[in-house]
Amino acid sequence: MRRLRLLHIGDIHYPERYNERLEDIKDKALPAEVANQMVQIPLQAVVRQAAREIEADPVSGYLVSGDLTSKGVFKAYEECLDFLLKAFTLKTIPHDRIHAVPGNHDFDRSLADPVDPSKKFDQISAAWQSRGIPVLAVKGVRHTTVKLGSAAVAIYSLNSCLGCGEKRHLPHEVANELEVVISGYTSKVGMSKAFEVVGEQLDSPGFVQQEIDDVFYSARKLESQVVPLVLSHHNLLPQALPRLEIYTEVMNAGRVRSAFTSVERTVLYCHGHIHDDVVELVEIPGSNGSRLAAIAAPELARGFNIIQLEYGEKGTALGCKVLRFSYDWHSGQVTPRELRIPLNRLTYQRAMSVGHSGLKAIMSKLGNKEIRFQDAFESTKWPDDEPSRTRFADALSEACWFGLVEIGNSERPPDAWWITKTAR
């Protein structure tokens, strides 16, 4: 079975997370060099595990969901970018395989320009360009198609931070009178204190409408075997943890959800921002197979995602495995959990048509009782040459993605599988 894998990382929040250490050192007399060798730095542990994962099983693309830093300090943003470039050797990767978007903490908010909302991103965009990797999606949709043989994914990068960092403007009717009051208060307490009371800089995420439409129409034209994936920073659904703040949700998220659940296929939406690794599915009944799968990456110091797309013998896009690697504070290990998202809902006849050539032979031999992989393999006679065990396992995996069978012990090698035919 052909697989196409992508590394998906979320918020880094450099330098705070880079300097974070798991320690409770009360003996300050202990030499720092000794103490530093005893403690673990979560961010480094996670990045090392991600590098090991990629070395053992290479990825075809890199998705960076924004918030490289925390307070819009450009120097910190550059340092984090250099850290990522070195950790994942990104300078050696073709540009069409790297996608990145801004986060609401990434840019200097004093650069916000009410006439040109995209101007505040110029500085961080130039940081990527100066390093020879001009991939940061700031204005307009950045779209590339990543291929691995017959497997393909269309990646769209969307900037969700259009309204972030903008200043609230006073109504013209009262602006002059309020300006006198505010100026008087500022002269008494100073600008810093005055801003805490009367200043307001909005964190109002949103997308450019034209860019939403561009993704929608492009995704609808994709060939059936190409999986559409959108990368952005903000989540489209309200986060589970209550957030009491002005305009923190994406202002036109409903429009985005409506568009992406009308594409007539499953759209993967990869984001960060909420510091969680939740996966959420949105669909509209009767929408002819349209579905939105929102996949969040945790803070990088807490883990990362491997997005693994699987394709069948005939090139059919079968499903998405989200391998969610999480840092364990107790053991210091970074271990994965698997979540499966089928990409197709097909009738039995359609599955037989676009699925593995051995599906009909397998399904005809399976009864209603659970059967071991070895017994199923020995009892199935294919119309052509006898299949190898690997090819037989691939056919069963396709049947599982189509909902035709359930596989027990699926995380183990095929010889440990138990197969059950599902009722349809």
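## A tour of two sheets and a helix

Start with an open sheet of six strands in this predicted model: its order is β4-β5-β8-β9-β11-β10, and the pairing is mixed. Select residues 142–148 for β4 and 279–282 for β10, and you have the edge strands, each pairing on one side only. As you step across the sheet, the twist averages 20° from one strand to the next.

Next, pick residues 226–231 and 266–271. These are β8 and β9, which run parallel and are joined by three bridges. For a closer look, show Val-230, whose bridge partner in β9 is Tyr-269.

Now add the helices. Residues 209–220 give you α7, lying across β4, β5 (151–157) and β8, at about 170° to β5. Then select residues 253–260: this is α8, which lies across β8, β9 and β11 (291–296) and runs at about 125° to β11.

Time for another sheet. Here six strands are arranged as β3-β2-β1-β12-β13-β14, an open sheet with mixed pairing. Its edge strands are β3 and β14 (334–342), each paired on one side only. Highlight β1 (2–9) with β12 (303–311): they pair in the antiparallel sense over seven bridges. Within that pair, Arg-3 has Glu-310 of β12 as its bridge partner.

Last stop: α4, residues 122–130. Show Ile-124, Ser-125, Ala-127 and Trp-128, the buried residues of this helix. Look down the axis of α4: these buried residues fall within an arc of 150°, so they line one face of the helix. To see what covers them, bring up α3 (74–87) and β3 (98–100), which are among the covering elements. Finish at Gly-132, which follows α4 and has a positive phi, near 80°.

Definitions and conventions: Residues numbered from 1 in each chain as written. Predicted model: local features only at pLDDT ≥ 70, side-chain atom pairs only at ≥ 80, totals over all residues. Heavy atoms only, no water. Buried < 20%, exposed > 50% of the residue type's maximum accessible area, 1.4 Å probe, protein only. Helix = DSSP H or I, 4+ residues; strand = E, 2+ residues; numbered from the N terminus. Arc of directions from axis to C-beta. Contact = heavy atoms within 4.5 Å. Pairing = 2+ DSSP bridges. Axes fitted to C-alpha atoms, helices over the stretch in contact; angles between N-to-C directions.
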